[in-house]
Amino acid sequence: MVWVTNDPDIHRLVRHKMLKKWRCTYYGTWYWIKVTNSMQPVLPLDPPHALARKTYEPVIIGRRRLARTTKKKKKKKKKK
């Protein structure tokens, strides 16, 4: 799991480059919502303009791919 900012460029970087480099498969994005003690969002969920701060933050979920194991075939000795 990787916490990322709400910047779409950072999200793409982690999802498409870093996960590949780490040999991880992308499984999804989980969002946590920042809330007050009374369980109300800290900020509006739909801010009035695109540059406004968000009340949620994404976490990218991936899983490490298992290394493929290859069984070596034993060579049969030829009979003389």
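How much area does the protein expose, and what share of it do carbon and sulfur atoms supply? The exposed area is about 7800 Å², and carbon and sulfur atoms supply 58% of it. This is a predicted model. The protein has one helix and three strands. Of its 80 residues, 16% are buried.

**Overall layout**

- Read from the N terminus, the elements follow the order β-α-β-β.
- Helix 1 covers residues 8–21.
- Strand 2 spans 24–33 and strand 3 spans 56–64.
- Strand 1 takes in residues 2–3.
- Take the contacts between residues at least 6 apart in sequence: 64% of them join residues at least 24 apart.

**The sheet**

- The three strands make an open sheet, ordered 1-3-2, with antiparallel pairing.
- Strand 1 and strand 2 are the edge strands, and each pairs on one side only.
- Strands of a sheet pair through backbone hydrogen bonds, either parallel or antiparallel.
- Strand 1 is joined to strand 3 by two bridges.
- Val 2 has Ile 60 of strand 3 as its bridge partner.
- Strand 2 is joined to strand 3 by nine bridges, and these two strands also run antiparallel.
- Tyr 26 sits opposite Gly 62 of strand 3.

**The nonpolar core and Ile 60**

- The largest nonpolar core has six residues: Val 2, Val 4, Val 14, Leu 19, Cys 24 and Ile 60.
- Ile 60 has many partners beyond its neighbours within four places in sequence.
- Among them are the core members Val 2, Val 4, Val 14 and Leu 19.
- Ile 60 also contacts Met 1, His 11, Arg 15, Tyr 26, Gly 28 and Thr 29.

**Arg 15 on the helix**

- Arg 15 belongs to helix 1.
- Arg 15 counts as partly exposed because its relative accessibility is 32%, which falls between the 20% and 50% cut-offs.
- Neighbours within four places in sequence aside, Arg 15 touches Tyr 26 and Ile 60.
- Arg 15 and Thr 29 are 14 residues apart along the chain, and their C-alpha atoms are separated by 9.5 Å.

**Two positive phi angles**

- Most residues other than glycine have a negative phi.
- Arg 23 is not a glycine, yet has a positive phi of about 60°.
- Arg 23 lies in the loop between helix 1 and strand 2.
- With a relative accessible area of 44%, Arg 23 is partly exposed.
- Met 39 is not a glycine either, and has a positive phi of about 65°.
- Met 39 lies in the loop between strand 2 and strand 3.
- Met 39 has 61% relative accessibility, so it counts as exposed; the cut-off is over 50%.

**The surface patch**

- Which residues form a nonpolar patch on the surface? They are Ile 33, Val 35, Met 39 and Leu 45.
- Together these residues have about 380 Å² of accessible area.
- Val 35 is found in the loop between strand 2 and strand 3, as is Met 39.
- Val 35 is partly exposed, with a relative accessible area of 37%, whereas Met 39 is exposed.

**Points to look for in the structure**

- Start at Ile 60, which is the bridge partner of Val 2 and a member of the largest nonpolar core.
- Then find Tyr 26, which contacts Arg 15 and stands opposite Gly 62.
- Finish at Met 39, which has a positive phi and belongs to the nonpolar surface patch.

Definitions and conventions: Residues numbered from 1 in each chain as written. Predicted model: local features only at pLDDT ≥ 70, side-chain atom pairs only at ≥ 80, totals over all residues. Heavy atoms only, no water. Patch = residues over 30% accessible without salt bridge, like charges linked within 9 Å, V, L, I, M, F, W, Y side chains within 5 Å. Areas by Shrake-Rupley, 256 points an atom, 1.4 Å probe, with all protein chains shown as cover. Salt bridge = Lys/Arg side-chain N within 4 Å of Asp/Glu carboxyl O. Helix = DSSP H or I, 4+ residues; strand = E, 2+ residues; numbered from the N terminus. Buried < 20%, exposed > 50% of the residue type's maximum accessible area, 1.4 Å probe, protein only. Contact = heavy atoms within 4.5 Å. Pairing = 2+ DSSP bridges. Core = buried A, V, L, I, M, F, W, Y, C linked by side-chain atoms within 4.5 Å.
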